[in-house]
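Take a moment to look over the sequence and turn the 3D view around. Then let's walk through it together, one element at a time.

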Amino acid sequence: MDISSSLDTEKVLKTIVKDAAIALRADAATVALLDKDHNTLSYPCFHNMPEAGKRTIAEKGIDEITEDIITTGQSVIVENCLLPPDVL
């Protein structure tokens, strides 16, 4: 699906996540949306993500990676989402 062919946010995000995984040659991928007002990240869609790596929302302070993303607003590529955050 061409991203511009849909106005459905969920479909667009799923396409972006899948295409990013393919481009990065990743086994799995997700996208996090930053809510600066509530200092949270929401994860609306996943591509090939194992259940153990899925979460729907993360709050500031839950782990170092989430803290960095919320504080800086910068994206992060995590090599192994199943490792504990202090190991990453």
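Is E10 buried, partly exposed or exposed? With a relative accessible area of 46%, E10 is partly exposed. Keep in mind as you read on that this is a predicted model.

**The overall layout**

Let's step back to the whole chain for a moment. The protein chain has 88 residues, and 22% of them count as buried. Its secondary structure comes to two helices and three strands. Starting from the N terminus, you meet these elements in the order α-β-β-β-α. The chain exposes about 6400 Å², and carbon and sulfur atoms supply 51% of that area. Now consider contacts between residues at least 6 apart in sequence: 23% of these join residues at least 24 apart.

**Helix α1 and its salt bridge**

Back to E10, which lies in helix α1 (residues 9–23) together with K14. The side chains of E10 and K14 meet in a salt bridge, with 3.1 Å from N to O. The structure holds one salt bridge, so you won't need to hunt for others. The two residues are four apart, about one turn of the helix. An α-helix has 3.6 residues a turn, so residues three or four places apart point the same way. Like its partner, K14 is partly exposed, at a relative accessible area of 44%.

How far does α1 reach from its first C-alpha to its last? The helix has 15 residues and reaches 21 Å, close to the 21 Å expected at 1.5 Å a residue. At its start, a side-chain oxygen of D8 comes to within 2.9 Å of the backbone nitrogen of E10. E10 therefore appears in two pairings here, one with D8 and one with K14.Other residues of α1 are hidden from the surroundings: V12, L13, T15, V17 and A21 are buried. These buried residues pack against β1 (29–35) and β2 (40–47). T15 counts as buried because its relative accessibility is 13%, under the 20% cut-off. A polar atom of the T15 side chain lies 3.0 Å from the backbone oxygen of K11.

**Three residues with a positive phi**

Most residues other than glycine have a negative phi. With that in mind, look at the residues in this table.

| Residue | Where | Phi |
|---|---|---|
| R25 | just after α1 | about 55° |
| N39 | loop between β1 and β2 | near 50° |
| N48 | loop between β2 and β3 (57–59) | about 60° |

How do the two asparagines sit with respect to the surface? N39 counts as partly exposed, at 33% relative accessibility. N48, at 58%, counts as exposed.

Which residues does N39 touch, not counting those up to four places away in sequence? They are A58, E59, K60 and I70. N39 and E59 are 20 residues apart along the chain, and their C-alpha atoms are separated by 6.2 Å.

**Two nonpolar cores**

In soluble globular proteins, nonpolar side chains tend to be buried together. Which residues make up the largest nonpolar core here? There are six: L41, Y43, A58, I65, I69 and I70. Both β2 and α2 (64–72) supply at least two residues of this core, and the largest share, three residues, comes from α2.

A58 is a good residue to click on in this core. Leaving aside neighbours within four places in sequence, A58 is in contact with N39, T40, L41, Y43, T66 and I70. L41, Y43 and I70 are members of the core just described, while N39 is the loop residue with the positive phi from the table.

There is also a second, separate core of five residues, including L13, V17, A29 and C45. You have already met L13 and V17 among the buried residues of α1.

How values were computed. Residues are numbered from 1 along each chain as its sequence is written. This is a predicted model: local features need pLDDT of at least 70, side-chain atom pairs count only at pLDDT 80 or more; totals for chains, interfaces and linings use all residues. Side-chain values use heavy atoms; hydrogens and water are left out. A salt bridge is a side-chain nitrogen of Lys or Arg within 4 Å of a carboxyl oxygen of Asp or Glu. Buried means under 20% relative accessible area, exposed over 50%, partly exposed in between (1.4 Å probe, protein chains only). The expected span of a helix is 1.5 Å times one less than its number of residues. Contact means heavy atoms within 4.5 Å. A polar contact is a pair of N or O atoms within 3.5 Å; within protein, one must be able to donate a hydrogen and the other to accept it, and residues adjacent in sequence count only if both atoms are side-chain atoms. Accessible areas come from the Shrake-Rupley method with a 1.4 Å probe; for residues, only the protein chains shown count as cover. A nonpolar core is a set of buried Ala, Val, Leu, Ile, Met, Phe, Trp, Tyr and Cys residues joined through side-chain atoms within 4.5 Å.
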